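Hi everyone, thanks for coming. Let's take a look together at the structure on the next slide.

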Amino acid sequence: MKSPFAYKPRRGSLQNASPGAAVSYLGAIVVVAFLYLNPLVLLAAGAAATLAGVLAGARAAVRAALRMGLSLALLVALVNALVTSRGETVIARLGDWPLFGRVDVTVEAIVAGVSYGLLAAATIVAFAVYSSCVDPDRVLRVLRPFAGRSALTATLVSRLVPVAAADAGRLRDAAALRGPAAAPVGKAPLARRLLAGSLDRAVDVAATLELRGYSLEAPRARSRRSHSRYDRRFYSVAAILLLTAIAGKLVGADDFQAYPTISIGFGPTTLAVAAIVSLSGLAPLRHGPKRRIQPADGTKRRTRRDRSSRRRRRLDQSARRSGAARV
Amino acid sequence: MSELAIRRGAAPALAVRGLDYSYPRATQPALIDVSLEIAPGEFVLLAGRSASGKSTLLKAACGLVPHFHGGEIDGEVRVAELDALEAGPGELAAAVGYLAQDPETQVVSTTVAAEIELPLEMRGDAPADRARAVEEVALALAVPHLLDRAVDTLSGGELQRVALAAALVTRPRLILLDEPTSQLDPVAGDELIWLLRRLNEEWGVAVLLAEHRLERCLAAADRVVAMVDGGVAFDGRPAGFLEWAHERHAALTTPAARLFSLVGLTPLPVGVRDARQTLRGTGIGHPLHIASRRVPDPRSSDPVLRAQNLWVELDRGEELRDVLRGIDLEVRPGERIALMGRNGAGKSTLLRTAAGLHEAVAGKLDVGSVALLTQNPSDYLVRERVGDELPGEEGMSALRMVGLEHAVDADPRDLSGGERQRLALAIALAGRMEGELLPAVVALDEPTRGMDRARKDELVALIRSLAGDVAFVDKEATKATRAAAVVVATHDVEFASAFAERVVLLGEGVVIADGPMEEILSGGWYFATEVARVLDLPGIVTPEQGAAVLKGELE
């Protein structure tokens with residue numbers, strides 16, 4: 001089964017954008033999430049990443065990332081509530097626990113944990129959208145002139161990880177199909193076999209790379225300029241996001257304090273930053289060409305004015321046939 | 001020699017002189033004193049049994065041997081005037097393209113367009129030149145609609161074409177292909193061979209093609225080179241090759257040639273058209289009498305597998321697809337069934353569902369125990385000693401059944417392809433080979449990939465013994481007292497004609513034909529044996545059947 005995070009070519013604006021533009025845009029959302037602790041802004045960053053993914057057609061990746069991210073957010077909130085006893089609003093006293101010591105669950109620790117969890121969730125969704133929408137070949141092509149060996153390693157890994165996942169599935173199936181008198185297959189032999197198989201695969205892929213001329217020392221051609229008409233939009237949105245985030249920080253839009261008591265800013269600057277960040281999720285919106293609906297026979301669609309003039313002509317004709325003169 | 005002279009055909013596309021080669025740590029040389037020359041624009045078929053040195057010769061011609069595999073080499077290999085022993089595979093890539101058996105390991109990029117463009121990018125071509133070359137090779141191979149697709153969404157046939165496009169995009173003067181049709185259905189396989197012939201004729205690319213299924217490509221070849229034990233045993237025209245194979249290596253002849261030799265007709269035909277022309281010349285018309293073979297009575301026993309309106313849905317990443325769409329099928333004990341159809345028709349899914357690896361989303365499936373051997377037998381081999389895979393007396397019994405009791409201390413990786421296949425089957429059957437424990441159904445998924453005819457004959461014997469065919473049961477080797485139904489998913493029509501008594505043809509997840517083997521394999525064009533295509537007589541699919549009919553006509 002193919003991973004929902006695997007790159008899938010689509011005709012979306014994010015997929016058509018150059019790697020630099022797509023990375024700048026999604027990276028700006030992640031930067032906002034890392035700059036702010038205010039849950040409202042973090043929610044806005046998560047919403048922007050989600051919206052961007054949905055508009056780019058990566059619904060499966062977004063769904064999977066949301067499941068993963070929200071589970072992680074809950075876990076972070078829970079762990080923070082157990083390990084942090086700071087905060088004045090105690091909602092449960094759980095006594096002394098081994099390793100943890102005295103455990104007092106406070107509302108402040110829960111809210112702080114939720115804030116960290118939202119940061120993690122927004123980041124996961126943004127990376128899922130990146131993974132699903134940005135062609136790794138184009139990214140590697142950009143990297144190749146700067147780091148050839150790293151790009152080769154990344155190429156092998158990006159090719160072999162899904163192949164190894166498929167191999168693991170096949171090995172599990174074969175293990176389940178063994179007869180009752182065959183030696184059972186434990187996890188260790190299976191892992192060993194998978195590793196050996198992956199090495200064999202890597203050798204085959206390396207041979208193919210040799211045949212494609214990867215080891216040539218000839219100067220590599222400059223990559224084809226891969227700008228798209230959406231690049232400017234993504235670069236602009238990324239710049240606006242970063243400027244907004246920095247300006248917001250300077251004017252106190254990140255007004256959030258968990259301890260000793262919760263203080264969450266919902267002032268106009270925070271709301272403005274959250275609104276701008278949320279709206280940035282619309283950047284991948286793509287307008288289709290305007291189409292004029294025409295009848296199936298290809299004739300031009302009649303307007304009300306056309307119809308009334310036809311009616312007038314019919315009346316004129318019937319009047320002429322009846323011999324009546326039109327006044 | 002100048003580039004222009006090479007392009008105009010003055011230099012051979014490949015020249016091999018006195019080549020000896022041994023892989024590292026090998027006890028036997030893989031190539032012995034091989035000499036061979038291929039002219040520009042020639043289409044050469046490389047024939048030979050498994051392990052005869054075909055793949056090694058191809059690897060030497062593209063530089064992988066010795067530059068990638070190491071080992072000891074002596075002699076001379078020149079590709080379009082480049083010394084292949086000096087230049088590495090990268091330098092040779094401009095002059096020679098290479099396509100291996102498994103297309104999965106020959107793609108390194110995420111999308112088709114990037115995959116085809118990669119060799120040009122490595123060579124340093126300008127972006128505009130790359131764009132044009134990719135477009136042209138995509139058009140030549142009829143894959144422009146795939147350019148934007150991710151490689152992991154392609155079928156086997158599509159992937160093979162993309163790998164071929166990547167090998168051809170640099171406009172090499174020689175293309176080397178190592179059993180490129182072994183994983184393709186008959187339709188895709190025939191398309192690939194004729195595509196190669198067209199590229200050979202229109203682009204002037206010399207082709208060196210290694211194949212086991214010679215009947216598929218002999219007619220397209222200008223010349224045949226046969227290898228035996230690492231050396232060149234024959235080098236000449238296809239008709240001469242058939243004469244040579246008939247006298248020296250019967251396993252290398254084609255079904256049509258066997259048909260003619262059984263009847264005593266000459267010359268032996270290199271293809272269907274040749275055979276028909278010769279038959280017309282002898283005045284043989286179309287005989288009317290057709291002898292049909294025994295077909296099991298459907299009411300003779302209770303079915304061991306019964307599928308009723310079976311629907312199976314598989315998750316393909318972002319979409320669910322109905323792979324089986326309302327299958328109705330009954331299989332009875334002792335039946336030998338070939339499950340055929342194009343790539344993606346649902347053959348493997350049907351077998352895997354019967355074995356419990358997939359669940360049906362609708363319909364009903366009643367089946368007893370199923371022993372399934374999946375497409376890659378190496379998946380069953382996880383230990384470093386055969387005896388460790390199959391311990392105890394029951395394990396030894398399983399090894400005896402497949403004739404591998406002598407290999408108990410061997411490393412499974414040292415076994416030949418056919419032996420690995422038999423060992424995997426023994427693992428799947430271990431502990432359930434007697435009486436009531438014998439599986440109701442033994443299912444084999446594409447078991448003949450990369451096998452030569454001798455290995456296929458061994459597999460036919462094994463299938464017949466599993467199905468309880470008395471003539472094939474070795475009483476010393478097995479204690480089987482009950483016959484299993486044997487269902488084999490295969491693209492190999494000649495193999496199907498050798499073992500099957502019934503053929504089920506799947507298309508897009510539905511059963512489109514189900515009947516006696518002779519009827520199904522003689523009633524079409526792609527899913528028909530070579531003899532059936534030559535004679536075009538209902539019910540005549542094997543050389544022996546055809547010979548019986550032709551002898552009657554000649555008398």
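The centres of domain 1 and domain 2 of chain B, taken over C-alpha atoms, are 32 Å apart. Please keep in mind that this is a predicted model. To place those domains along chain B, the assignment puts domain 1 at 3–249 and domain 2 at 305–521.

So how many residues of each domain are in contact with the other? On the domain 1 side of chain B there are 17, and they meet 14 residues of domain 2 of chain B. If you want to find the domain 1 side of this contact on the screen, look for helix 7 (156–168) and helix 8 (186–203) of chain B, since each supplies at least two of its residues. Helix 8 of chain B has the largest share there, with three residues. As for residue classes, this side of domain 1 of chain B holds eight polar, five nonpolar and four charged residues.

Now let's turn to the contact between the chains. Here 49 residues come from chain A and 58 from chain B. Several elements of chain B give at least two residues each to the side touching chain A, including helix 4 (89–92), strand 11 (305–316), strand 15 (370–373) and helix 16 (417–429). Which element of chain B supplies the largest share of that side? That would be helix 5 of chain B, with six residues; you will find this helix at 112–123.

And the classes on the side of chain B that touches chain A? They come to 28 nonpolar, 16 charged and 14 polar residues.

Thanks for listening!

Note on methods: Residues are numbered from 1 along each chain as its sequence is written. Chains are lettered from A and ligands numbered from 1 in the order in which they are written. This is a predicted model: local features need pLDDT of at least 70, side-chain atom pairs count only at pLDDT 80 or more; totals for chains, interfaces and linings use all residues. Domain bounds come from an automatic or database domain assignment. Two residues are in contact if their C-beta atoms, placed from the backbone, lie within 7 Å. Helices (H or I, at least four residues) and strands (E, at least two) are DSSP runs, numbered from the N terminus. Ala, Val, Leu, Ile, Met, Phe, Trp, Tyr, Cys and Pro count as nonpolar, Asp, Glu, Lys and Arg as charged, and the others, Gly among them, as polar.
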